[in-house]
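Reader: I would like a close look at one part of this chain, taken residue by residue and with the surrounding strands kept in view. Please go slowly and tell me where each statement belongs.

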Amino acid sequence: MVRMKREWPSEGDLIVGTVHKVLNYGAFASLEEYEGKEAFIHISEVSSGWVKNIRDYVRENQKIVARVLRVNPKKGHVDVSMKRIREDQRTRKIQQWKIEQKAEKLLEISAKSIGKDLDTAYDEIGYAIIDEFGDLYEAFETAAEEGESALKDRGIDGEWATTITEVAKKNISPPEVQITGYINLKSYAPNGVDIIKNALGSVEADNISVQCVGAPRYRLIVKSSDYLTAENLMKDAAQQCIELVVEEGGEGEFQRELE
């Protein structure tokens, strides 16, 4: 169960729940992000259309996403609606919840590596991470991309910062973007083919590849962690190719492919 620092959800929040009881007039669901809490979905809030049989829409053990309508901590009541959310909101919430499940597992792995359990991890650092980063996964992603110092700079304890970074680097792949552009290269020299081949070869690297579309057109494919870096890499590679060909009396032109 992914844990929230707050004990109760707030009105308007989207929650993930697991249905555990279905009655003729409504259903009860355990709240995945709020330990020990459950929500009630009245039959009138299950679907925007007329509901003849509630079991046509909800069943035991079904994962649902719903919007919180009312919260009464004194009575222990949380009323929610399944019909008052859009499909894209439902999809995003489930995706976010799954990501946080993964992050919680990584926190547990981090804790075990230093002889602690998940409860201790939350008490010592988990809730502090949520306060600082917004959620657990953001901290692990930051550690994987920027390293241990990025956590320490934001107040994460040294031992935890080291451990979380080690776990993050083993389990989280850095984000990757890919962009494409085209170069038209022409050489009028007797050894023109070699000139163009050498120019293109000079820019090939782990994150830059070259494909022949059909002379004189060549495709540049650049991969990077973000679009700005990718754009700069592509611009520099294209310029280098063109300059090498022009120096030998040829000509070149670059065209960025629109995404």
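Author: What follows begins with the annotated span, passes through its strands to one serine, and ends at a glutamate in a helix. The model is a predicted one, and what is said below should be read with that in mind.

The UniProt record, an unreviewed entry, carries the annotation "domain: S1 motif" for residues 12-83. In the model this span is 50% strand and 0% helix, and the C-alpha atoms at its two ends lie 13 Å apart.

Among the strands, S1 (residues 14-23) can be followed through two pairings. With strand S2 (residues 26-31), S1 pairs in the antiparallel sense over six bridges, and the two strands form a hairpin in which two residues lie between them. At this hairpin, Leu-23 has Gly-26 in S2 as its bridge partner. S1 is also joined by five bridges to strand S4 (residues 63-72), and these two strands likewise run antiparallel. One of the residues involved is Leu-14, whose bridge partner in S4 is Arg-67.

Arg-67 leads on to the serine, since Arg-67 is among the residues that Ser-81 touches once residues up to four places away in sequence are left aside; the others are Glu-45, Ala-66 and Leu-69. Ser-81 itself belongs to strand S5, which covers residues 77-81. Is Ser-81 buried or exposed? Its relative accessible area is 0%, and because buried means under 20%, Ser-81 counts as buried.

The side chain of Ser-81 also has polar partners in the backbone. A polar atom of this side chain lies 3.3 Å from the backbone nitrogen of Lys-83, and the backbone nitrogen of Arg-84 is likewise found 3.3 Å from a polar atom of the Ser-81 side chain.

Further along the chain comes Glu-87, which is found in helix H1 (residues 87-113). With a relative accessible area of 51%, Glu-87 is classed as exposed, because the class begins over 50%. The side chain of Glu-87 is joined to that of Arg-90 by a polar contact of 2.6 Å. As for its position relative to an earlier part of the chain, Glu-87 and Glu-38 are 49 residues apart in sequence, and their C-alpha atoms are separated by 23 Å.

Taken together, the serine in S5 is buried, with backbone nitrogens of Lys-83 and Arg-84 at 3.3 Å from its side chain, whereas the glutamate in H1 is exposed and has a side-chain polar contact with Arg-90.

Note on methods
Residues numbered from 1 in each chain as written. Predicted model: local features only at pLDDT ≥ 70, side-chain atom pairs only at ≥ 80, totals over all residues. Heavy atoms only, no water. Helix = DSSP H or I, 4+ residues; strand = E, 2+ residues; numbered from the N terminus. Buried < 20%, exposed > 50% of the residue type's maximum accessible area, 1.4 Å probe, protein only. Polar contact = N/O pair within 3.5 Å; in protein donor to acceptor, adjacent residues only side chain to side chain. Contact = heavy atoms within 4.5 Å. UniProt positions renumbered as here; feature names shortened; annotations may be inferred. Pairing = 2+ DSSP bridges.
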